[in-house]
Amino acid sequence: MTRVHYDALAKTVAALTDGEEDVIALMATLACEVHHSDDRFDWTGFYRVVAPELMKIGPYQGGHGCLVIPFSRGVCGAAARSGEVQLVADVEAFEGHIACASSTRSEIVLPVWDKAGTLIAVFDIDSNQPDAFDDTDAAALTGILQSVFAQ
């Protein structure tokens, strides 16, 4: 089983994204690198803020995802509404969970801020394993997102 080495991942992402300013290109690169860094990660991608209280699917890796998610629904909506990382050990126990894939058992969703402090997306990772994510994942992924989008 491959488990992410966050220091190495951060260095790889930094090297690949250095000097790039296109947000979609950055999201695509990050989704790919994170997705392939750990066997726990079954769906990895972004939901971009496209209108007030509304997100649409952005670059991702894995099976299909939901195309549109309002801020009012699901784990991704909770992250967008609150501006806080959502660690969900059991998606079935999360009231209002949107089942984009029936195989998903746990999820982590992180808000993505730009340089001006504006919420531009959420970064969503789904796992087919229960309780797959912890505070170490949250802290490391938050740091990587900040280094790519908020610097």
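Two residues are in contact here when heavy atoms of theirs lie within 4.5 Å. By that rule, aspartate 126 touches Arg40, Phe41, Asp42, Trp43, Thr104, Ser106, Glu107 and Phe133, leaving aside residues up to four places away in sequence. The model is a predicted one, so local features need pLDDT of at least 70 and side-chain atom pairs count only at pLDDT 80 or more, while totals for chains, interfaces and linings use all residues. Residues are numbered from 1 along each chain as its sequence is written, and side-chain values use heavy atoms, with hydrogens and water left out.

Aspartate 126 sits in strand β6 (residues 119-127); strands (E, at least two residues) and helices (H or I, at least four) are DSSP runs, numbered from the N terminus. Aspartate 126 is buried, and buried means under 20% relative accessible area, with exposed over 50% and partly exposed in between (1.4 Å probe, protein chains only). Still, aspartate 126 has no salt bridge, that is, no side-chain nitrogen of Lys or Arg within 4 Å of a carboxyl oxygen of Asp or Glu. The nearest side chain of opposite charge, arginine 105, is 10 Å away (Lys and Arg count as positive, Asp and Glu as negative, and His and the chain ends are not counted).

So where do the salt bridges turn up? The count comes to two. Arginine 40 pairs with aspartate 38, the closest N and O atoms being 2.8 Å apart, and also with aspartate 137, at 2.9 Å. This second pair ties together distant parts of the chain: arginine 40 is in the loop between α2 and β1, and aspartate 137 is in helix α4, 97 residues apart. Arginine 40 is buried, with a relative accessible area of 1%, and aspartate 137 is buried too, at 2%. Through shared partners, the salt bridges join Asp38, Arg40 and Asp137 into one network. In that loop between α2 and β1 there is also aspartate 39, which counts as partly exposed at 40% relative accessibility.

Next comes helix α2 itself. In α2, Leu26, Met27, Leu30, Ala31, Val34 and His35 are buried. Seen down the helix axis, the buried residues fall within an arc of 145°, so they line one face of α2; the arc is that of the directions from the axis to the C-beta atoms. An α-helix has 3.6 residues a turn, so residues three or four places apart point the same way. The cover over the buried residues of α2 includes α1 (6-17), β1 (43-51), β2 (54-61), β6 and α4 (135-149).
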